[in-house]
Structures are given as structure tokens and as C-alpha cells.
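Hi there,

Could you take a look at the structure below when you have a moment? My notes come straight after it.

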Amino acid sequence: MDFSLSSEERQIRDTIRSFVEREVMPLEPEVLRNERAGGPGIDPEVLRDLRLKGKKMGFWGINTPEEYGGAALGPVMSAIIAMELGRTFVPFSFGGSADNILYGGTEEQKKRYLIPTIEGERRSCFAITEPGAGSDARNISTRAVKDGGDWVINGEKTFITGGNEADFVMVFAVTDPEKGANGGTTCFLVDRDMGWRSTPIPTMGQWGPASLVFEDVRVPEENVLGELGWGFALAMQWIGQGRYMIPAGAVGSAERMLQMAVDYAKIRTSMGQPIAEYQAIQWMIADSQVEIEAAKWLTLYAAWQVQQGMDARHASSIAKLNGAIMANQVVDRVLQIHGGMGYTKELPVERWYRELRLLRIFEGTDEIQRRTIARNLIKGHARLGTIGE
Ligand SMILES: Cc1cc2nc3c(=O)[nH]c(=O)nc-3n(C[C@H](O)[C@H](O)[C@H](O)COP(=O)(O)OP(=O)(O)OC[C@H]3O[C@@H](n4cnc5c(N)ncnc54)[C@H](O)[C@@H]3O)c2cc1C
């Protein structure tokens with residue numbers, strides 16, 4: 001069993017790490033200032049320039065196939081890169097990628113939606129959640145009804161990431177109420193100028209989703225993505241394939257914060273010695289490192305399964321559940337080690353504290369991941385005692 005990276009992989013990791021330290025982390029004070037003034041953390045122009053710098057270095061479409069101009073580094077390297085990017089709270093990601101369900105489109109759809117998204121000319125969002133159906137995504141009620149050659153969509157979506165900025169949406173609607181999620185739910189590619197509207201939803205973090213309203217929005221037949229009736233399966237495939245990316249980012253954030261806590265514990269004195277000398281502090285540091293390491297390897301294992309073409313759903317649920325809880329425990333301890341300073345806006349800990357809370361909710365809550373893991377075992381879809389099988 002070999003846990004090491006090849007020299008090429010190590011080189012990629014190190015190059016990204018120094019890119020993040022040199023180009024991205026210096027933007028942190030500005031991002032905090034912009035966000036606290038109520039604006040977007042990073043100026044879109046600055047983001048564009050950074051992405052172009054990354055592109056020049058060969059980091060464009062990390063997990064995008066080469067035929068679409070991507071680097072096609074694969075799931076394990078994507079997870080490692082997400083860990084590196086997670087070290088900063090600057091909302092930066094490399095360009096050149098698109099939601100993987102867009103690869104399931106027709107040639108014409110690829111030309112109109114996939115390629116411009118990869119190129120950064122178009123922005124998408126993915127809309128399944130509704131006010132009445134979140135965890136219970138099989139139960140959505142947005143309706144698409146055939147009228148001549150078009151589909152007419154009515155309904156409301158909520159908490160849609162990027163929904164304010166997107167110029168098209170991959171929206172899931174019921175096309176056959178009798179069949180529902182099993183053959184009666186379809187995904188449609190819907191341009192904003194076909195008539196849907198969005199409203200921002202303020203949240204406790206910087207992740208600003210939107211609610212979307214569809215009122216008699218007409219969509220031509222050629223905008224059905226994938227097979228008619230099988231949109232739910234498509235949605236689950238998309239979410240399941242990329243789930244390991246969430247704990248990957250969490251590992252990077254937790255490592256950076258834990259380092260801050262270690263550094264602070266060495267210089268902050270109380271009752272005559274640095275707080276790092278107290279067992280109470282050491283245990284928080286030790287527990288955090290143990291949990292980070294566990295999350296790191298569960299995440300890489302899930303990514304490795306995706307890379308091998310295995311069914312990675314069980315491993316991904318385990319990694320996502322563990323990583324989300326880990327990050328929240330670590331940020332809480334890091335805040336505690338910083339005492340009152342941790343609670344102030346002078347440090348970024350509170351910003352991370354608010355942002356990381358989301359990890360336990362989106363792309364399947366903790367409870368839904370536990371439900372999936374338990375049901376897989378109870379139904380025999382997953383077995384205990386396996387290694388790499
Ligand atoms: C910032 C943000 C961004 C998001 N981005 C997107 C996006 O881009 N696209 C999109 O479609 N959605 C998005 N979502 C929606 C997200 O996936 C849902 O919020 C999530 O799935 C939970 O659904 P809910 O909020 O309706 O909670 P509910 O489903 O109402 O759950 C409420 C509580 O009940 C628990 N619960 C529910 N069912 C069960 C059960 N069977 N057993 C045990 N406990 C249960 C939940 O775990 C939770 O604790 C986003 C959400 C947020 C907050």
C-alpha cells in the first residue's frame with residue numbers, strides 16, 4: 001500500500017501551494033474588508049486575472065477532459081488541489097470547469113452551454129431544492145408541462161448557489177407526476193432570458209444563494225438535458241461524483257487554522273507561561289490534528305474510488321460527514337484557543353466559523369449522510385471489513 005505522491009504530483013501540489021501563498025493569501029485583508037462592507041469578497045476583475053495567471057501555469061480545468069482544454073488531473077489530484085485552496089478563505093477557484101452533468105448534453109447543448117461555461121463566458125447554477133423539498137429532493141413540485149413543441153415550467157427553487165449571477169440554470173421539474181423521481185423528473189437547461197427571476201437570500205456566511213421563480217417559462221424541447229424523465233438520477237450522479245471535494249476543502253481550512261492556533265498558543269502567556277504549556281490547550285491541538293488526518297485520508301480514499309471508476313457513494317458519504325463535522329470542531333477549538341481575540345473581527349477565525357457551518361447542511365445534511373451510510377449497511381450495499389474493495 002503506497003500513500004505517497006509521485007514526484008509529478010508533489011510538484012503540482014507544491015506549485016499550487018506557493019501560488020496560493022504568493023497570489024491568493026495576500027488578498028485576505030481586502031476580502032474581509034469588502035465582505036464587511038457588504039460587497040463580494042473578491043472583485044470579479046481580480047478573480048479573472050488570477051484565473052488567467054493560473055491558466056498560464058497550466059491550471060485550467062483541473063478535472064476537465066483534455067479534449068475540452070482541461071488539465072484532466074483526475075479526482076485524487078483535484079482533492080489535493082482543493083485542500084490547498086481550502087487553506088485560504090479567499091473565494092478563489094481555478095477556471096476552466098463546468099458541472100459534470102453538462103457533459104451528458106447533446107453536441108448542440110455542449111456548444112451552447114458546456115463549452116462557454118468552461119471558457120468562463122457563461123455561468124450556470126444547479127437547481128433542485130425547493131421551499132417544500134430539500135433533503136426530500138425526490139418530492140419536488142416544480143412542474144413542466146408539454147405545450148406544442150415547448151415545455152412550460154412553473155415553480156420555485158430555493159438556496160441556489162450562483163443563482164443571482166447565473167445566465168442559465170439546470171433546473172429539475174416534474175414531467176410525469178405519477179412516476180415522480182423514478183422516470184417522471186426531468187432536467188432542463190433554461191436561459192435567464194427565457195424568463196426566470198432570482199432574488200438573493202442573505203445568509204450567516206458569504207455563500208450567497210438565491211431563490212428562483214418560474215412563472216410560465218417556455219423552454220424548447222431541445223433544452224431537455226439527458227433523458228426525459230431521468231433527471232433525478234442525473235442530479236444524484238452529479239452530486240455524488242463530486243462530494244469528496246467538500247471535505248477536501250475542509251481539510252485545508254482546518255490545517256491552516258490549526259497552525260494559527262499552534263502559533264498563537266506559543267506566544268500568548270497566561271499565569272506565567274505560554275498557554276501552549278497547558279494540557280487543556282495541548283489536548284485541543286492534538287484532537288484537532290487527529291481529526292484532520294482522519295478526514296484527509298477518508299477524503300483521498302473516496303476520491304481514489306471515483307478515480308478507479310468504483311461506486312464511491314458510500315465512501316463519499318463517510319468522507320463528507322466526517323469532514324464537515326471535523327471542520328466545525330476544529331474551528332471551534334481554534335476560536336477557543338484564541339480566547340476573546342477569536343471572537344473579534346480582527347482575526348478571520350469568526351469568518352471561517354460562520355462559513356464552515358454550511359458544510360454540515362448542503363449537498364446532503366449530516367443526518368442524510370448518516371441515513372445513507374446506515375441504510376447501505378442494513379441493505380447490504382456496503383460491507384464492513386473491506387479495504388479498497
Ligand atoms: C448556502 C446554501 C447553498 C445551497 N446550494 C444549493 C444549490 O446550488 N442547489 C440546490 O439544489 N440546493 C442547494 N442548497 C440546498 C441544500 O442542499 C439543502 O438546504 C439541504 O439539502 C437541506 O434541505 P433543507 O434546507 O430543506 O432542510 P430539510 O430537508 O428541511 O431538513 C431540516 C432538518 O431535518 C433533517 N432531516 C430531513 N429529513 C430527514 C430524515 N429523513 N432523517 C433525519 N433527518 C432528516 C435535516 O438533516 C435537517 O437537520 C443550498 C443550501 C444552502 C444553505
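Here is what I found, beginning with how to read the notes.

This is a predicted model, in which local features need pLDDT of at least 70, side-chain atom pairs count only at pLDDT 80 or more, and totals for chains, interfaces and linings use all residues. Residues are numbered from 1 along each chain as its sequence is written, and side-chain values use heavy atoms, with hydrogens and water left out.

First, the annotation. UniProt, in an unreviewed entry, lists residues 125–216 as "domain: Acyl-CoA oxidase/dehydrogenase middle"; its positions follow the numbering used here, feature names are shortened, and annotations may be inferred rather than shown by experiment. In the model, that stretch is 0% helix and 50% strand, where helices (H or I, at least four residues) and strands (E, at least two) are DSSP runs numbered from the N terminus. The C-alpha atoms at the two ends of 125–216 are 20 Å apart.

Next, the helix packing. Helix H7 (residues 245–267) and helix H8 (residues 279–307) have axes that come within 10 Å and cross at roughly 160°. Axes here are lines fitted to C-alpha atoms, for helices over the stretch in contact, and angles run from 0 to 180 degrees between N-to-C directions. H7 and H8 are therefore roughly antiparallel (over 145 degrees; under 35 counts as roughly parallel, 65 to 115 as roughly perpendicular and the rest as oblique). Their crossing is left-handed, meaning that the near helix is turned anticlockwise from the far one by less than a right angle (clockwise would be right-handed). Among the residues that meet, with contact taken as heavy atoms within 4.5 Å, are Val 251, Leu 258 and Val 262 in H7 and Ile 285, Ile 292 and Lys 296 in H8. By class, this contact has 11 nonpolar, 3 polar and 3 charged residues; Ala, Val, Leu, Ile, Met, Phe, Trp, Tyr, Cys and Pro count as nonpolar, Asp, Glu, Lys and Arg as charged, and the others, Gly among them, as polar.

H7 also packs against helix H9 (residues 313–337), at an angle of about 20° and with the axes 9 Å apart. That makes H7 roughly parallel to H9, and this crossing is left-handed too. The contact includes Met 257, Leu 258 and Tyr 264 from H7, and Gly 323, Met 326 and Val 330 from H9. Its residues divide into 17 nonpolar, 1 polar and 1 charged.

H9 in turn packs with H11 at about 155°, the axes being 10 Å apart, so the two are roughly antiparallel. Here as well the crossing is left-handed. Ala 327, Asn 328, Val 331, Asp 332, Val 334 and Leu 335 of H9 make the contact with Val 349, Trp 352, Tyr 353 and Leu 356 of H11. The classes are 8 nonpolar, 1 polar and 1 charged.

Finally, two single residues. Glu 350 lies in helix H11 (residues 349–356) and, at 9% relative accessibility, counts as buried (under 20% relative accessible area; exposed is over 50%, partly exposed in between, with a 1.4 Å probe and protein chains only). Leaving aside neighbours within four places in sequence, Glu 350 contacts Arg 36, Gly 342, Thr 344 and Lys 345. Lys 110, in helix H5 (residues 107–118), is buried as well, with a relative accessible area of 12%. Not counting residues up to four places away in sequence, Lys 110 touches Tyr 68, Leu 102, Tyr 103, Gly 105, Ile 115 and Pro 116.

Happy to talk it through whenever suits you.

Best wishes
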